Structures are given as structure tokens and as C-alpha cells.
Amino acid sequence: MYLNDIESNSRRQIKYGTLISYLAIAINILSGVIFTPWIIQNIGSDNYGLYTIAISLISMFVMDFGISTAIAKYISQYRAEGKNDKINQLINVSIQLYLIIDAILLIVLVGVYFFIDVVYVNLTPDEIASFRIVYIIVACFNIISFPFIPLNSILTSYEKFISLNICEIISKVLTVSLTIIAIYRGYGLYAIVTINAAVNLFIILIKLLLVQRNITLHINLLYRNKIIIKDIFGFSIWVTIMVVAQRFIYNLTPSIIGAFIGSIGAAVFGVAATIEGYSYSLGNVMSSMFLPKVSRILTGDNVKNELTDLMIKIGRIQLFILGLIIIGFISVGKEFIILWMGMDYRMAYYCAILLIIPNIFIWPMTIAASSLTAINRVREHALVNVCMAIINILLELFLVPTIGIIGAAVAIGISYCFRAITMMYLYKKYLNIRLVKFLKHTYLKLLIPMLIAFIVSVIECYLISAKSWFMIGVEVITVSVSYVLIMYLFAFNNSEKDWIKNHFRRGKC
């Protein structure tokens with residue numbers, strides 16, 4: 001009965017947590033497309049640039065080295081194994097590690113402060129003075145908030161996805177609302193930076209209260225456990241390598257483009273990377289939600305079948321969502337970018353397509369990726385990401401001078417395809433899943449209806465021929481409706497259709 005309650009609550013948290021998460025992402029994307037240009041217009045590009053530089057500079061040093069991922073992994077594992085005493089031990093050790101890293105971070109950021117005028121020689125004296133103030137505000141926030149990074153991991157491990165995603169919505173809505181008020185009242189850059197910091201600290205307080213409601217913490221900063229420390233570091237080091245290798249691609253590519261083509265090419269690629277980032281955030285919604293559930297499956301007796309079935313169920317959903325994004329962007333994206341950024345950025349459309357398409361081989365396998373984390377095979381995942389980054393750099397050095405920013409997008413696409421194929425091999429080797437069954441029920445049964453939907457969408461957009469924001473809205477609605485109808489009729493299985501019918505009858509979702 002207890003296990004049934006856990007599974008029932010898990011399904012509810014995942015279902016509604018996912019919906020709320022998509023709402024949070026939609027708000028985030030709208031604020032990026034509409035709100036950010038408005039802020040720049042009101043406070044000036046130079047002030048907004050100072051804020052961006054401060055965040056990017058500090059983010060170079062603010063890393064938790066994969067410890068938060070380790071916390072989520074081990075708490076999920078301990079809960080599945082019923083080792084609740086281990087959870088408190090893990091959290092105590094984690095707090096100590098975060099406080100040590102935070103102290104080092106404080107020393108580093110104080111040191112960097114005294115070299116600001118040496119590093120940013122192109123900034124004017126007035127800009128340097130403003131930048132120092134912004135830097136202090138952002139640095140203080142990061143120092144205060146850093147030890148609380150594990151809160152998200154703890155809430156994720158206890159499957160509190162609804163609360164976690166509501167916090168994200170509250171954060172974004174409060175930030176936007178207070179920023180608008182501040183600008184209308186005549187306040188400038190410092191107020192905006194302070195608002196961002198204050199809102200995030202308020203959200204941390206809410207998360208702290210949520211954690212205290214769900215787990216009885218016995219904080220003991222003198223507690224020592226060498227085994228847990230060894231486990232955390234052994235896991236987190238490879239997570240750090242994995243994340244850094246993946247980030248390396250998008251962090252280094254603008255520099256390569258800038259070196260061979262110039263700043264304009266880097267700016268165009270930046271728009272494409274932003275669009276890919278939005279699509280990634282939509283596909284990454286479920287990546288952490290299933291770690292606790294996967295951990296429970298891996299402790300059971302029917303791992304092979306249960307894991308494969310879960311992969312098929314979630315993989316079909318992920319592929320359906322990705323199909324809508326790819327088809328929608330191919331159909332409407334060019335007109336959107338031209339209206340949004342201007343004709344000079346039209347090449348970003350083709351780059352974005354090349355960046356998004358490889359996700360076809362990545363998103364549907366979210367469950368398998370979570371399973372590799374759960375069985376502590378992050379080392380292999382990290383090595384794949386390192387190879388991917390090396391392949392990407394070599395290809396970019398050859399293709400960017402030859403075919404420009406399209407070459408960068410092609411290089412990233414090829415490297416991501418390499419990653420996807422290699423990861424499939426790892427999934428088969430270490431998880432022993434029914435890979436052929438997964439490919440058949442996910443890709444084979446969805447790709448043909450998706451192709452039909454793509455042809456219909458292209459025809460629809462050709463007939464509508466959007467030249468304004470209103471007509472782009474019409475295209476988006478038309479493409480979305482036709483895609484959903486075609487997929488419902490030709491791709492969804494009986495259980496998926498029944499689920500939709502039942503929820504519409506009940507007036508839910």
C-alpha cells in the first residue's frame with residue numbers, strides 16, 4: 001500500500017510538475033523575447049552590457065562541481081533502498097563541502113574585484129565605477145546563495161516537482177513585475193540588479209521551508225564520513241567533466257567564429273544558440289524528474305522490461321514535443337527571426353535548425369540518461385562528452401573558415417550525432433534495455449506521421465505567407481493544430497488516445 005501511494009504521488013508530481021514547468025519556460029521565453037529588449041531600451045545597451053559582463057564573469061567561478069547532481073542521485077538511491085538515516089548523513093557532509101567551496105569562492109571573487117580595471121581596459125572610468133557596484137551586488141548574492149544550491153536536488157529527490165516549478169514561476173513573475181515598477185519610478189541598473197538578487201533570495205527561503213516540511217534535518221557541521229565524501233567526489237568529478245565538456249562547445253564557438261569571421265558572425269550565431277537554448281529547456285523538463293522513479297525501478301526484479309516500457313512511454317512524449325518544435329520552427333522560424341532581429345540575422349534560422357535537429361536522437365532517451373546516472377556510470381557519459389567537444393572543435397576549425405557560421409552549426413550537429421550514437425551503445429551495454437523494441441515503438445511509429453505533418457505545415461505556411469506578428473501568430477496556431485491532429489490520428493496508440501479522452505471528459509489538463 002505504501003509503495004502504491006509513492007507511485008501515485010510520483011505520477012501526480014511528474015504530470016503536474018511537467019505542465020507547470022512548461023508554463024515557467026513559456027514565461028521565461030516570452031520575457032526573453034519581449035521583456036529583455038524593453039529593459040535594454042530603458043536602461044541603455046551599455047548598462048545592460050555591464051550587467052551581462054558581471055554575470056558572465058562571476059559564473060566562470062561559481063560551480064558546484066557536480067555535487068548537487070550527486071546529492072540528487074544518492075538521496076534518490078537511499079529513498080529507494082529505505083536508508084533514511086543515510087540521507088541526513090549525506091546532507092550534513094554536503095553542507096560542509098558547500099561551505100568550504102563558498103569560502104574559497106569568496107576569496108577568489110574579492111581578488112577578482114581588485115583586477116577589474118586591469119581586465120576590462122576598454123571600459124570607460126564611469127563604466128568601471130558602475131561595473132564595480134554591479135559586481136559587488138551580484139557577487140554578494142552568489143556568496144550568500146551558493147550553500148543553498150542543494151535545495152533543488154533535495155526537492156527533486158523527494159519528487160516535489162510541483163512546488164519546485166511554482167517557485168520558478170513566482171521568481172520570474174516577481175522579477176519582471178518589480179523591474180517594471182522600478183523602471184517606471186525612474187530607478188536604473190542598480191535597482192534591477194538588486195531586485196534580481198532579492199527575489200532569488202526570497203525563493204531560496206521558500207525552498208528552505210519546503211525542505212524542512214518534507215524531511216527532518218539534524219544538522220551537525222562536525223559530522224565526518226569519509227565514505228560519503230569519497231562517493232560524492234568520485235561521482236561529482238565526472239559530472240563536472242561532463243557538464244564542462246558540454247558547455248565548452250557553446251562557450252568556445254563564438255570565439256572561433258569571431259576569429260575567422262568577425263563579431264557580426266558571432267552575434268548571428270548567438271541568436272541561433274539562444275533559440276536552441278529555448279528548445280533545450282523544453283526538452284530538458286523531464287530529465288531530472290524521473291531519477292527517483294528510475295532508482296526505484298533499478299532496485300526491483302523486472303528492471304529490463306520496466307525500464308524499457310518507461311523509456312518508450314516518455315520517449316514518445318519527448319519525440320512528439322520535439323517534432324512540434326522542429327516542424328514549427330522550420331515553418332515559421334525564418335519570418336520570426338526577420339521580424340524579431342532584422343534581415344541581417346536571417347542566417348540564424350538555418351543555424352538554429354542544424355542545432356535543434358540532433359536532439360531527435362537525444363531527448364527521447366532521457367530515461368536512459370537518468371538510468372546511467374542512477375547506476376553511477378557518469379564516467380562513461382563524461383568521456384563521451386569530452387570526445388564530442390574535441391570532434392566539434394576540430395570540425396569547426398576546418399568548416400568555419402570554409403563555409404562560415406553554417407560550418408559551426410554543422411560541426412555541432414555532427415558532434416551531437418556522434419554523442420547520440422555512442423550513448424545508445426552505452427545504454428545497451430550497461431542498462432541491458434530492449435533497444436530494438438524502444439526504437440520500433442518510438443521512432444518507427446512516430447517519424448512517418450511527423451513527416452506528413454511537416455509537409456502539411458509547409459503548405460499551410462506557404463499559403464498564409466506571414467509578414468507581420470499577427471500573421472506569424474496565425475501560422476503558429478495553424479501549424480500546431482494540424483500537427484496535433486495528425487499525430488493524434490496516425491501516431492498515438494490506443495492507451496494515449498484513451499488518456500486524452502478521459503482527461504477531456506473530466507475537464508482536466
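**Exercise 1.** Where is the place of Phe114? Find it in this predicted model, and then work out which nonpolar surface patch includes Phe114.

*Solution.* Begin with the chain: Phe114 lies in the loop between helix 4 and helix 5. Next consider its surface, where a relative accessible area of 57% makes Phe114 exposed, since the cut-off for that class is over 50%. Finally, look at its partners: Phe114 joins Leu106, Val110, Phe115, Val118 and Val119 in a nonpolar surface patch of about 600 Å². The elements that give two or more residues to this nonpolar patch are helix 4 (84-113) and helix 5 (116-119).

**Exercise 2.** Explain why Cys351 forms no disulfide.

*Solution.* A search of the whole structure finds zero disulfides. For Cys351, the closest cysteine sulfur belongs to Cys417 and is 16 Å away, which is too far for a bond because a disulfide needs two cysteine sulfur atoms within 2.5 Å. Cys387 is likewise in no disulfide, its nearest cysteine sulfur being that of Cys417, 16 Å away. As for their surroundings, Cys351 counts as buried at 0% relative accessibility, whereas Cys387, at 37%, counts as partly exposed.

**Exercise 3.** Compare the expected and actual span of helix 19, and describe where its buried residues lie.

*Solution.* Helix 19 (residues 469-490) has 22 residues, which at 1.5 Å a residue should span 32 Å, and this agrees with the 31 Å between its end C-alpha atoms. Its buried residues are Ile472, Glu475, Val479, Ser482, Tyr483, Ile486 and Met487. Because they cover an arc of only 125 degrees around the axis, they are on the same side of helix 19. The face turned away from that buried side carries the exposed residues Phe470, Ile477, Leu485 and Leu489.

Methods:
Residues numbered from 1 in each chain as written. Predicted model: local features only at pLDDT ≥ 70, side-chain atom pairs only at ≥ 80, totals over all residues. Heavy atoms only, no water. Buried < 20%, exposed > 50% of the residue type's maximum accessible area, 1.4 Å probe, protein only. Patch = residues over 30% accessible without salt bridge, like charges linked within 9 Å, V, L, I, M, F, W, Y side chains within 5 Å. Areas by Shrake-Rupley, 256 points an atom, 1.4 Å probe, with all protein chains shown as cover. Salt bridge = Lys/Arg side-chain N within 4 Å of Asp/Glu carboxyl O. Helix = DSSP H or I, 4+ residues; strand = E, 2+ residues; numbered from the N terminus. Expected span 1.5 Å × (residues − 1). Arc of directions from axis to C-beta.
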